[in-house]
Amino acid sequence: MSQLENPKDVLDLIKREKVEVIDMRFMDFPGLWQHFSIPSREMDEDMFDSGLGFDGSSIRGWQAINESDMLVKPVPSTAFIDPFLEHKTLVLICNICDPLTGEDYTRDPRNIARKAVNYLKSTGIGETAYFGPEAEFFIFEDIRFDQNEHEGYYHIDSIEGRWNTGRVETPNLGYKPRYKEGYFPVPPTDSQQDIRSEMMLTLERMGVLIEAQHHEVATGGQAEIDMRFGPLVEMADNVLKYKYVIKSVAKKHGKTVTFMPKPLFNDNGTGMHTHMSFWKGDNNLFAGDMYAGLSQEALYTIGGILKHAPALLAFTNPTTNSYKRLVPGFEAPVNLAYSSRNRSACVRIPMYSSSPKAKRLEFRCPDPSCNPYLAFSAMLLAGVDGILNKIDPGDPLDKDIYDLPPEELAKVPQAPGSLRDALNSLEKDHDFLLKGDVFTSDVIETWITYKMENEVQAIDLRPHPWEFALYYDI
């Protein structure tokens with residue numbers, strides 16, 4: 001679908017496509033898409049300026065009950081026809097505003113992302129921040145879980161799960177990827193080619209350009225579909241479309257998708273390696289003649305990311321489950337270093353192409369449980385801080401970090417080992433996020449409080465199933 005430029009374009013599309021329903025979508029604070037719908041006859045040009053009211057106190061991490069009224073204002077350029085709903089529905093992504101002041105709401109994640117881009121421009125460093133996330137996910141056949149006062153469990157199942165080689169399937173055909181050997185096998189071992197292709201082509205029809213799709217390393221249906229890079233806000237919008245399409249196509253086929261970073265024990269977790277670069281006009285500011293073809297600005301950007309990485313992870317890896325993936329010995333980097341080609345470094349400089357336009361950084365820590373508006377914005381601000389303060393990233397580490405002798409490895413800083421540690425790092429190091437009023441102090445405080453109370457402490461209170469194996473007979 002070609003991009004729409006103004007409200008009139010949207011109204012023309014509604015008429016031309018005989019749209020029946022308008023669906024207003026926006027992001028809650030932790031990172032889930034929300035929506036409500038109106039009949040298409042209710043839509044007019046004024047609504048794009050005046051907005052529609054809703055109860056902000058019912059959205060996680062937002063307004064108190066005594067100041068609950070909020071407005072959604074649809075953005076014309078985000079419009080797309082929903083490919084899954086029975087009644088023809090036009091989706092509009094919205095910004096959130098205060099009805100009394102008319103100002104953009106400081107806790108609206110999309111507003112934070114827009115401010116991040118404006119801050120980059122205000123510094124004079126660049127005009128556009130490009131991001132290219134590589135979000136992985138699992139496609140399962142069945143998921144059951146519960147925890148209450150007397151029991152706690154989860155049960156995952158997949159036709160591809162290596163654990164099912166002995167299951168009676170009348171017949172069991174045996175094509176199930178071995179643990180850590182699911183990368184790139186052809187069908188019939190890769191049983192998900194058709195469903196991934198349907199996901200890819202659905203995204204393409206919605207205007208989300210895809211570069212590749214493939215099976216990923218883990219058994220049990222791990223997959224990856226790579227989107228083409230784009231400007232920060234547009235890319236974050238596309239991550240939400242991506243998750244929506246992938247979950248919806250899976251459900252259509254009687255399957256379920258999760259973006260949890262570590263749903264399976266003892267196999268690879270799910271990451272979202274994120275590529276980034278800053279541009280001024282047609283000039284890629286990260287291309288130069290220094291290490292790995294980088295510019296000095298790119299090296300300073302790496303310095304900013306490495307310096308602020310422990311705080312960054314509170315946004316890029318924002319769940320307790322994220323830190324089940326960020327452990328030594330698996331695919332996720334936990335050592336805060338940079339390198340060309342070396343995938344064990346948390347910042348990598350891809351060397352697929354020698355073209356200056358392709359020069360970029362890849363931050364390998366993030367996972368797809370994050371709120372993309374907040375994660376990309378935090379990465380941008382860390383990079384800008386590195387440039388403005390000329391933060392030296394030190395020497396690259398061009399060797400396998402996992403094979404370093406202990407005395408050398410001890411000198412390499414490590415990522416936080418838990419969400420609690422990341423949130424504590426954010427509490428100590430967030431001044432760089434306040435620049436340009438992108439993240440406000442209220443946003444930082446609310447994020448830390450929400451995550452601590454609703455996730456960290458909630459997990460701490462509950463017995464873990466493995467504790468019974470360790471301690472029941474004490």
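**Exercise 1. The partners of strand β7**

Task: In this predicted model, determine how many bridges join β7 to strand β12 and in which sense the two strands run.

Solution. Step 1: β7 and strand β12 (residues 230-231) are joined by two bridges, and they run antiparallel. Step 2: a position within this pairing can be named, since Phe131 stands opposite Gly230 in β12.

**Exercise 2. Further pairings of β7**

Task: State how many bridges join β7 to strand β14, to strand β11 and to strand β13.

Solution. Step 1: with strand β14 (residues 272-280), β7 shares eight bridges, in an antiparallel arrangement. Phe131 has Met276 as its bridge partner in β14; Phe131 also stands opposite Gly230 in β12.

Step 2: three bridges connect β7 with strand β11 (residues 222-227), again in the antiparallel sense. Here Phe137 faces Ala223 as the residue opposite.

Step 3: strand β13 (residues 256-258) is joined to β7 by three bridges, and the two run antiparallel. In this case Ile139 stands opposite Val257.

**Exercise 3. The cover of β7**

Task: Decide whether strand β7 is mostly covered or mostly open, and support the decision with a count.

Solution. Step 1: strand β7 spans residues 128-140. Step 2: a residue counts as buried when its relative accessible area is under 20%. Step 3: of the 13 residues in β7, 10 are buried, and the strand is mostly covered.

**Exercise 4. Ile143 and the nonpolar patch**

Task: Classify Ile143 as buried, partly exposed or exposed, and identify the surface patch to which Ile143 belongs.

Solution. Step 1: Ile143 lies in strand β8, which covers residues 142-147. Step 2: buried means under 20% relative accessible area and exposed means over 50%. Step 3: Ile143 has a relative accessibility of 35% and therefore counts as partly exposed. Step 4: together with Phe145, Tyr154 and Phe265, Ile143 makes a nonpolar surface patch of about 520 Å².

**Exercise 5. The largest pocket**

Task: Give the volume of the largest pocket, name the residues closest to its centre, and find which element gives the largest share of its lining.

Solution. Step 1: the largest pocket holds about 2,100 Å³ of space. Step 2: it is lined by 47 residues, of which Met260, Lys262, Thr320, Asn321 and Ile459 are the closest to its centre. Step 3: the elements that contribute two or more residues to this lining are β8, β9 (152-157), α5 (232-252), β13, α11 (441-460) and α12 (465-471). Step 4: α11 supplies the largest share of the lining, with seven residues.

Note on methods. Residues are numbered from 1 along each chain as its sequence is written. This is a predicted model: local features need pLDDT of at least 70, side-chain atom pairs count only at pLDDT 80 or more; totals for chains, interfaces and linings use all residues. Side-chain values use heavy atoms; hydrogens and water are left out. Patches are made of residues with over 30% relative accessible area and no salt bridge: like charges are joined within 9 Å, nonpolar side chains (Val, Leu, Ile, Met, Phe, Trp, Tyr) within 5 Å. Accessible areas come from the Shrake-Rupley method with a 1.4 Å probe; for residues, only the protein chains shown count as cover. A salt bridge is a side-chain nitrogen of Lys or Arg within 4 Å of a carboxyl oxygen of Asp or Glu. Helices (H or I, at least four residues) and strands (E, at least two) are DSSP runs, numbered from the N terminus. Buried means under 20% relative accessible area, exposed over 50%, partly exposed in between (1.4 Å probe, protein chains only). Two strands pair if DSSP finds at least two bridges between them. On a 1 Å grid over the protein atoms alone, a cavity is a set of points where a 1.4 Å probe fits but cannot get out, and a pocket is an open set with protein on both sides within 12 Å along at least five of seven lines; lining residues have an atom within 4 Å of a point. Grid points are joined across faces, edges and corners, and a volume is the space filled by probe spheres set on the points.
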